[in-house]
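Trainee: Please take one part of this model and go through it closely. I would like to know how the strands there are joined and what their side chains do.

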Amino acid sequence: MFYNRSICFGIILLLTATSLQASNGWHGPEPFRLERLDGRQFDYNIESFLQRLSFTEQPIQTASPLWQQNGWYGSGGSSRGKEFYVHSLMQQKLSFDAPVFAGFRHKRSEDLDGRYDRTLFGVGYQAEQQWELGVWGDVSGAKEEMDLQFEAHRAYDDGSYATAAVVLADVFYNSKTYSDNRYEQTPVTLYLAGAKMLGQQQLAGFVNLNLTTRYADEQAQQLFTDKQYSAGVNWQRDLLHGARVLVQAQGLYGRRSASALLTAPQQADWLLVRRFQQLNAEWQQAPAADSLSFGLQANRLTEQDSRASLVRTAAEYRREAFAYVRTERPISENWLWRPTLYTGYANVSSELRQHSDEPLKDKGWLAKVSPNVVWQLSELTGAYLTINPTVKLHNLQFGGGNVQVFVPF
């Protein structure tokens, strides 16, 4: 009886661990926000991306459509002595006797531009979980900060789906701001995503386009120009005896500049060009009392910033690769031990750091162990809590604590 319940517990965790957290680009648009122009609120060091990998329960996303899910996923922990990493996503949608819905989403996360929050309220048409047309608003007390997001979704019986969205960021800014600042070209985001089932395989992808935005800052007498494009592809295949292989790749290109208001935009006083690529691969053993998983992650980040480096010279440079192995072992009826070992090599440099006394250039081997303990809060819903203290093996120091929670509604 204990062994059967442990197997069920492992299956539930595998099926639910990748649902609501899969959000950054994979299950929703990432629109322009005005705070981008201020730059990141934190600095990266040699351990930054390893820390975030170890705080992510599943780096490879499943292609399940977020718009059909209700619940809360949250992950938070200390990434450095004075910094806290948070990724949280909550959604609740209500259906009625008529084919309409009302919904709420909240997201707190970070990207290469810094930390951010989005709070969306939505209404729309819903036809038996197959078709959905909706409009969502990022509502703020400051009317100039409100976004409008239009969505269309289509789900198929075999698990395939397609989704599209258009986001009008700061849609009322020019008519509602108290300042003389204005958008010369308003921010628009186009988003497409989908997944196709091909027998034992699943192919998914997304495209997120932040079209060219021009923002005139009268106080600074600067005209800011911004555009950013990102895309990702995900392939998963079921193997014999319940094993599974997953491969995921994503990339991002961004270009941002500033020039004096009275000069041509081509004559930039400041130019930032960002290129980011990430590749993940994982092999998962079938859920069992003593299952094993192996994974790889490779990251490339290049940021050319004319304020901190010469033309064609990277102000932020990262080349790194990590491998990890994870096993799951039952402790008791509702507790699971999931130790994970990470190791890899990083070569990084940064001329952009403002709040760090660490080396601007650094490279070397890194290793970290995470003796995760998982507590099943509800066998019926699959809700769980993960306690994740970590230890850095390359310098034998505490690597930060992390807590993850998943609660389906």
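Mentor: What follows deals with a run of neighbouring strands and then with the contacts of their side chains. The model is predicted, so local features need pLDDT of at least 70 and side-chain atom pairs count only at pLDDT 80 or more, while totals for chains, interfaces and linings use all residues. Residues are numbered from 1 along each chain as its sequence is written, and side-chain values use heavy atoms, with hydrogens and water left out.

Start with the backbone. Helices (H or I, at least four residues) and strands (E, at least two) are DSSP runs, numbered from the N terminus; two strands pair if DSSP finds at least two bridges between them. Strand S14 covers residues 291–305. S14 pairs with S15 in the antiparallel sense over 13 bridges, and Ala298 stands opposite Ala321 of S15. S15, residues 316–330, is in turn joined by 13 bridges to S16, residues 335–350, and these two also run antiparallel. The connection from S15 to S16 is a hairpin of four residues. Across this pair, Ala323 faces Thr343 of S16, and Arg329 stands opposite Trp337 of S16. S16 then meets S17, residues 361–376, in another antiparallel pairing, with 15 bridges. There, Leu341 has Val369 of S17 as its bridge partner. In a regular strand the side chains alternate between the two faces of the sheet.

Now the charged side chains. A salt bridge is a side-chain nitrogen of Lys or Arg within 4 Å of a carboxyl oxygen of Asp or Glu. The whole structure holds 24 of them. Glu303 makes one with Arg40, and the closest N and O atoms are 2.9 Å apart. Because Glu303 belongs to S14 and Arg40 to the loop between H1 and H2, this pair ties together parts that are 263 residues apart in sequence. Glu303 is buried, at 1% relative accessibility (buried is under 20% relative accessible area, exposed is over 50%, partly exposed is in between, with a 1.4 Å probe and protein chains only). Arg40 and Glu303 also belong to a network of salt bridges that links them with Arg36, Asp113, Asp226, Arg256, Arg274 and Glu316.

The loop that holds Arg40 supplies a further contact. Arg33 and Asp111 meet in a salt bridge, 2.8 Å from N to O. Arg33 is in the loop between helix H1 (2–16) and helix H2 (48–54), and Asp111 is in strand S3 (residues 100–111), 78 residues away along the chain. Arg33 is buried, with a relative accessible area of 11%.

Arg318 has two contacts to look at. One is a salt bridge with Glu320, where the closest N and O atoms are 3.1 Å apart. Arg318 counts as buried at 0% relative accessibility, as does Glu320 at 5%. The other contact is with an aromatic ring: the charged end of Arg318 sits over the ring of Phe49, 4.5 Å from its centre. A charge sits over a ring if NZ of Lys or CZ of Arg is within 6 Å of the ring centre and within 35 degrees of the ring normal.

Phe49 leads on to the aromatic pairs, of which the structure holds 17. Rings of Phe, Tyr and Trp (its six-membered ring) pair if their centres lie within 6.5 Å; planes under 30 degrees apart count as stacked, over 60 as edge-to-face and the rest as tilted. Phe49 and Tyr44 form an edge-to-face pair, 5.1 Å centre to centre with 80° between the planes. Both Tyr44 and Phe49 are buried. Trp335 and Trp375 are stacked instead, at 5.3 Å centre to centre with 5° between the planes. Trp335 lies in S16 and Trp375 in S17, so this pair ties together parts that are 40 residues apart in sequence.

These two Trp residues also lead to the surface. Trp335 is partly exposed at 30% relative accessibility, and Trp375 is partly exposed at 35%. Together with Ile331, Trp337, Leu377 and Ile387 they form a nonpolar surface patch with about 540 Å² of accessible area. Such areas come from the Shrake-Rupley method with a 1.4 Å probe, and for residues only the protein chains shown count as cover. Patches are made of residues with over 30% relative accessible area and no salt bridge, like charges being joined within 9 Å and nonpolar side chains (Val, Leu, Ile, Met, Phe, Trp, Tyr) within 5 Å. Ile387 of this patch lies in strand S18, residues 384–392, and counts as partly exposed at 39% relative accessibility.
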